[in-house]
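This report follows the strands of a barrel and then turns to the empty spaces that a search of the model finds. Please keep the sequence and the structure at hand while reading.

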Amino acid sequence: MSTPDSSYIEWLESQSMLQAARERARHYAGQARLWQRPYAQARPRDASAIASVWFTAYPAAIITAEGGSVLQALGDDRLWSALSELGVQGIHNGPMKRSGGLRGREFTPTIDGNFDRISFDIDPNLGTEAQMLQLSRMAAAHNAIVIDDIVPAHTGKGPDFRLAEMAYGDYPGLYHMVEINEEDWPLLPEVPAGRDSVNLPPALVDQLKDKHYIVGQLQRVIFFEPGIKDTDWSATGVITGVDGKRRRWVYLHYFKEGQPSLNWLDPTFAAQQLIIGDALHAIDVSGARVLRLDANGFLGVERRAEGTAWSESHPLSVTGNQLIASTIRKAGGFSFQELNLTIDDIAAMSHGGADLSYDFITRPAYHHALLTGDTEFLRLMLREVHAFGIDPASLIHALQNHDELTLELVHFWTLHAYDHYHYHGQTLPGGILREHIREEMYERLTGEHAPYNLKFVTNGVSCTTVSVITAALGIRDLDAIGAAEIKQIQRLHILLVMFNAMQPGVFALSGWDLVGALPLEAAQVEHLMGDGDTRWLHRGAYDLADLAPEADASAEGLPKARSLYGSLVEQLQRPGSFACQLKHILSVRRAYDIAASKQILIPDVQAPGLLVMVHELPAGKGVQITALNFSAEPISEMILFPGIAPGPVVDIIHERVEGDLTENGEMTFNLDPYEGLALRVVSAASASPVL
């Protein structure tokens with residue numbers, strides 16, 4: 001039986017990430033460099049101190065100058081002059097390295113926005129290594145940092161996976177893949193023409209578990225889509241290995257079929273080599289100071305005697321993250337996790353793991369407050385942060401994300417489904433509370449009320465920040481938006497800015513937020529949604545610096561989104577614009593160092609739409625109070641602040657005295673609909689934590 005061509009195997013290995021990681025490791029062996037910094041403990045406040053305002057770019061949505069690359073657009077001096085003026089201190093590019101798959105020697109496109117990495121090299125569709133270095137220099141010239149990505153949970157189907165399929169060297173140990181004995185091949189479905197794998201139905205996964213091949217069905221199926229992704233397991237066709245043996249493999253993929261999961265406890269430790277090599281490459285070659293650990297909660301999986309496999313809240317994920325994050329700190333960087341699991345998991349993974357965590361805890365909750373005009377669930381989640389020992393300064397409080405508005409509410413779905421919570425005068429189990437919140441949000445955010453937003457499988461809703469706001473305002477027809485509606489939309493958008501920016505930690509905002517992007521129409525991205533991935537609706541193209549005002553699509557072919565606010569450069573020339581209001585808020589945030597403050601109280605309130613957050617400012621600057629009205633009704637309410645010294649109360653955004661906090665710790669708030677106030681209590685005594 002013939003074996004694969006040796007020159008092809010050599011070429012695959014030369015292109016592989018595992019080989020590149022091993023070569024990079026030789027630069028550090030026996031050297032003193034990695035012993036100069038503390039690394040064992042997460043340092044969230046040190047991480048946010050170097051950059052507490054992030055612009056989160058999305059490469060596929062970037063409109064470029066004619067003939068220019070995405071990296072050139074992101075490194076443009078006009079863009080950086082505008083970002084610097086706005087107050088941005090860090091740029092998160094999103095994944096920029098070559099992604100997708102490989103057939104023969106032909107590279108195939110990414111299937112998940114470059115989250116299916118197959119190389120350490122810059123994706124040639126996005127730019128060059130030299131342009132990446134120029135972006136790092138441009139950011140440094142504006143006192144900002146570059147934030148990059150590694151993906152510890154999976155790769156694409158690139159050279160590493162093709163070598164694994166051919167049972168070459170250590171490569172099968174990279175992946176959670178299992179060879180199926182030939183006598184059991186009749187169990188496996190045929191691979192359709194034009195495909196290289198086929199998803200397995202649940203009953204077959206159970207059979208393979210019973211035959212002791214695999215761990216079985218997982219706790220949930222991310223991106224579940226009937227007939228497309230019924231389970232987290234797929235089978236390859238028949239592949240001839242380097243030893244001449246014909247094999248069929250079954251492999252795990254938490255996400256899409258083209259994103260095979262890495263095996264973090266194989267004796268070869270190949271996955272650790274690959275991912276740590278990728279991290280060191282990002283720091284030392286690409287110039288990144290912070291790295292996102294994407295999908296980092298899915299590194300451990302094991303079979304159970306009964307029920308589904310243990311695939312979430314697994315100790316191996318904690319251990320794996322400690323290894324990755326410690327190496328990054330040893331190399332002089334920091335990391336953050338984008339972990340949509342329970343609050344327990346976020347806390348556990350932060351102990352020696354990532355320095356910062358994306359705020360999935362309050363993100364669905366503040367959207368719920370806006371859609372319902374009721375902040376009770378938001379206050380519950382803010383208090384849960386403290387109940388689990390999480391410092392709000394370790395969180396990245398963000399506006400629009402490249403992913404959907406997640407409504408999984410995993411915390412109440414899994415570990416806390418039977419815990420009881422007080423909500424609206426009732427005591428509800430977590431599972432019932434979750435369903436109630438989800439039903440409210442789906443009703444207000446999709447369907448007849450807002451047909452422009454679409455559900456994203458069972459995970460949540462594909463929408464922009466602006467289309468959440470239009471749903472909250474009862475705007476059903478986006479074509480009917482005029483000047484008056486834009487002004488009102490901006491008012492609510494600024495309210496959401498104040499919630500996220502006027503608390504400790506990192507504040508992150510996207511290009512879609514900056515231009516006021518509306519969702520694309522489904523027909524515009526129908527070709528990208530064949531597998532049920534509706535997220536492309538909210539990923540329309542944008543041009544922050546007017547690099548190509550006449551362009552109607554990004555360099556990657558995404559249609560340009562309708563922008564309600566205009567480009568960032570143009571807005572900064574127009575007083576009263578969204579960007580000018582944002583700029584002022586961020587300047588106040590910086591002046592009072594709110595990012596480094598300590599959250600000490602989330603008081604009870606009477607008005608449903610009122611949220612109050614109290615922070616102790618650093619350097620003896622007093623107490624800062626953020627008061628927000630998430631409702632369409634005016635609010636006048638007296639709040640008691642126990643343990644906070646009295647003194648004059650100053651509106652730090654409008655620079656005027658608002659009144660006094662009395663000796664009894666009382667203060668009355670008067671807020672118009674959707675108004676936010678940022679106040680400072682000026683007193684000689686410091687605040688006492690009362691949470």
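## Pairing of strands

Two strands are said to pair if DSSP finds at least two bridges between them. In this predicted model, strand β13 (residues 290-294) and strand β14 run parallel and are joined by five bridges. Within that pairing, L293 has Q337 of β14 as its bridge partner.

On to the next pair: β14 is joined to strand β15 (residues 356-358) by two bridges, again with the strands running parallel, and here the bridge partner of Q337 in β15 is S357. Q337 is thus a bridge partner of L293 and also of S357. β15 in turn pairs with strand β16 (residues 395-398) in the parallel sense over two bridges, and the partner of Y358 in β16 is I396.

## The barrel and its crossovers

These pairings belong to a closed barrel of eight strands with parallel pairing, which runs in the order β1-β2-β7-β13-β14-β15-β16-β22. From one strand of the barrel to the next, the twist averages 30°.

Two of the connections involve β14 and a helix. β13, helix α10 (residues 315-330) and β14 form a right-handed β-α-β unit, and β14, helix α11 (residues 343-350) and β15 form a right-handed β-α-β unit as well.

## Surroundings of strand β14

Is strand β14 buried or exposed? Buried here means under 20% relative accessible area. Five of the five residues of β14 (residues 334-338) are buried, so the strand is largely enclosed by the rest of the structure.

In a regular strand the side chains alternate between the two faces of the sheet. In β14, F334, F336 and E338 lie on one side, whereas S335 and Q337 lie on the other, and with these residues all buried both faces of the strand are covered.

## Enclosed cavities

Rolling a probe the size of a water molecule over the atoms shows where empty space is left. A search of the whole structure finds seven cavities of 30 Å³ or more. The largest cavity holds about 420 Å³ of space, and of the 26 residues that line it, F255, D294, E338, N340 and D403 are the closest to its centre. E338, one of the buried residues of β14, is therefore also one of the residues closest to the centre of this cavity. By class, the lining of the largest cavity divides into eight nonpolar, eight polar and ten charged residues.

The second largest cavity has a volume of about 180 Å³. It is lined by 19 residues, and those nearest its centre are T56, H92, R292, N401 and H402. The elements that give two or more residues to this lining are β1 (53-56), β14, β16 and β22 (506-510). Its lining residues divide into ten nonpolar, seven polar and two charged.

## The largest pocket

How much space lies in the largest pocket? The volume is about 710 Å³, and of the 29 residues that line the largest pocket, I111, K256, E257, G258 and D531 are the closest to its centre.

Strand β4 (residues 101-103) gives the largest share of the lining of this pocket, namely three residues. Grouped by class, the lining of the largest pocket has eight nonpolar, nine polar and twelve charged residues.

Note on methods:
Residues are numbered from 1 along each chain as its sequence is written. This is a predicted model: local features need pLDDT of at least 70, side-chain atom pairs count only at pLDDT 80 or more; totals for chains, interfaces and linings use all residues. Side-chain values use heavy atoms; hydrogens and water are left out. Buried means under 20% relative accessible area, exposed over 50%, partly exposed in between (1.4 Å probe, protein chains only). Helices (H or I, at least four residues) and strands (E, at least two) are DSSP runs, numbered from the N terminus. A crossover is right-handed if, with the strands pointing away from the viewer, the path from the first strand over the helix to the second runs clockwise. On a 1 Å grid over the protein atoms alone, a cavity is a set of points where a 1.4 Å probe fits but cannot get out, and a pocket is an open set with protein on both sides within 12 Å along at least five of seven lines; lining residues have an atom within 4 Å of a point. Grid points are joined across faces, edges and corners, and a volume is the space filled by probe spheres set on the points. Ala, Val, Leu, Ile, Met, Phe, Trp, Tyr, Cys and Pro count as nonpolar, Asp, Glu, Lys and Arg as charged, and the others, Gly among them, as polar. Axes are lines fitted to C-alpha atoms, for helices over the stretch in contact, and angles run from 0 to 180 degrees between N-to-C directions.
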